[in-house]
Amino acid sequence: MNNFIKDIDNILDYIEENDKFLVTSHVSPDGDNIGSSLSINNFLKKIGKEVIYVLDDNYPENLMFLYKEDLKKKSSDVKSNDYTVIALDAGDYSRICVDKKILEQSKGIICIDHHVTNGDYGILKYVDIEGSSTCELVYNLIMRYEERSKIKIIDEDIATYLYAGLITDTGNFQYSNTEESSFFMAAELLSRGAKKSYLVEKIFQSNSLEFYKILGEALDNLEIIDSKISITAVAKEMMDKHKVDYGDIDGITPYTRDIKGIELGIFIKEKEIGEIKVSFRSKNYVDCSKLASEFGGGGHIRAAGCTIKDLDIEVARKILIEKAVEYINIKN
C-alpha cells in the first residue's frame, strides 16, 4: 500500500470535502465487483455521506445472498447529476455499468481498480495491478481512513463484503494473484467478524443441479489443441434447455484450465445470437490480458475476457483457437 499512499490520501481528501457519491462497478457482476461496491457504500454511509449504489445488471445466482433489495438501484432511479461517481473494478470506461449520461453529467469519476488493462479515466485514480482484488484496494483505503481519523470503520458487514471479493478473485487463495498482503488482509477481516465459513459455502458450495448438468455437457464438448489449450462453448440453446441463466455459468471457466498439461483454458458462452463472451485462464506464461486485447477485451495476466459480436459461435471458436495457438507458440 505504501506506494499508493498519495493516491489514497487524495481520494480520502476528496471524499471528506464532498457529500454526494454514486457507487458503481462493471457489467456482469462478480464477487469483487459486488464486495467492493457494498463495502465502499457502507463506508461512505458510516462517515455521514449521501450515497447511492447503482448497477444496471443482475447479480449471478451464487451471489444473490449479498443482494439488498432496498439498496441496489438502476440508472433510472438517479434524479440528479451532482454526484461524484466511484467506479470500482471497472478496467475500462466502457464497462462501467450505469447510463453513460450519469457519468458525463457527474461531478467526476474516482477510479479504484486492479486490472492491468485499466483505461485512463477519472479525476482521481487508485489503480494497483499487483492488488489481488479491488476489495484489497478498498480495504487499504478504509484502513488508511482509520489510521488518519482514529475511528474504527470496518465492522462485521464491511469485513464480510471485503472477504467475499478477496476469496472470489483469488479463487479462495489458489490463484497466482494471491500475495502475502492477501493473507494479512484476510486475517484482519476475520478478526473484524468476516463470515468466512458462510461465504465459502454460499460462493463455492451452492451450485444448482442444473449448473452441474450444463457443466457435464460443456466438458463432453471440450476440445484439446496441441496438448496445451483446452476450449469449450455453451450455446444459448443449451442454457435454455437446462434453464440456466447466462450470468450463472462462469464457474465453468476454471475447468478448462485445471487439466494436467494445459496452459490455457478458453470458455465461450453465447449471450444471444451474434454476441458471445469469452473467458481466458492460464497457468504459467500466456498473458491472458494481451490475448483478450486482440479481441477488444482485457483483464489480468492470468485471467481475462472479451466480447465478440456479429460472429457465429463456431466461427468465433475457430478464430480464438488460431490466435491462442500463436500465444502458446510464443513460449515454445
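Hi everyone, this is a short tour of the sheet, the cysteines and a surface patch in a predicted model.

Residues are numbered from 1 along each chain as its sequence is written, and side-chain values use heavy atoms, without hydrogens or water. Because the model is predicted, local features need pLDDT of at least 70 and side-chain atom pairs pLDDT 80 or more, while totals for chains, interfaces and linings use all residues.

Let's begin with the sheet. Six strands (DSSP E runs of at least two residues, numbered from the N terminus) make an open, parallel sheet, ordered β3-β2-β1-β4-β5-β6. Strands pair here if DSSP finds at least two bridges between them. β3 (72-73) and β6 sit at the edges with a single partner strand each, so one side of each has no neighbour in the sheet. Further in, five bridges join β4 (residues 84-88) to β5 (residues 108-113), and I86 stands opposite I110 in β5.

Now, how many disulfides does the whole structure hold? Zero, with a disulfide taken as two cysteine sulfur atoms within 2.5 Å. The sulfur of C111 is 15 Å from the closest cysteine sulfur, in C135, so that is too far for a bond. For C288, the nearest cysteine sulfur belongs to C306, 11 Å away. C111 is buried (under 20% relative accessible area) at 0%, and C288 is buried, also at 0%.

Finally, the surface. V116, I129 and I301 form a nonpolar patch. I129 lies in the loop between β6 (124-127) and α4 (134-149). At 45% relative accessibility, I129 counts as partly exposed, a class running from 20% to 50% with a 1.4 Å probe and protein chains only.

How values were computed
Patch = residues over 30% accessible without salt bridge, like charges linked within 9 Å, V, L, I, M, F, W, Y side chains within 5 Å. Areas by Shrake-Rupley, 256 points an atom, 1.4 Å probe, with all protein chains shown as cover. Salt bridge = Lys/Arg side-chain N within 4 Å of Asp/Glu carboxyl O. Helix = DSSP H or I, 4+ residues; strand = E, 2+ residues; numbered from the N terminus.
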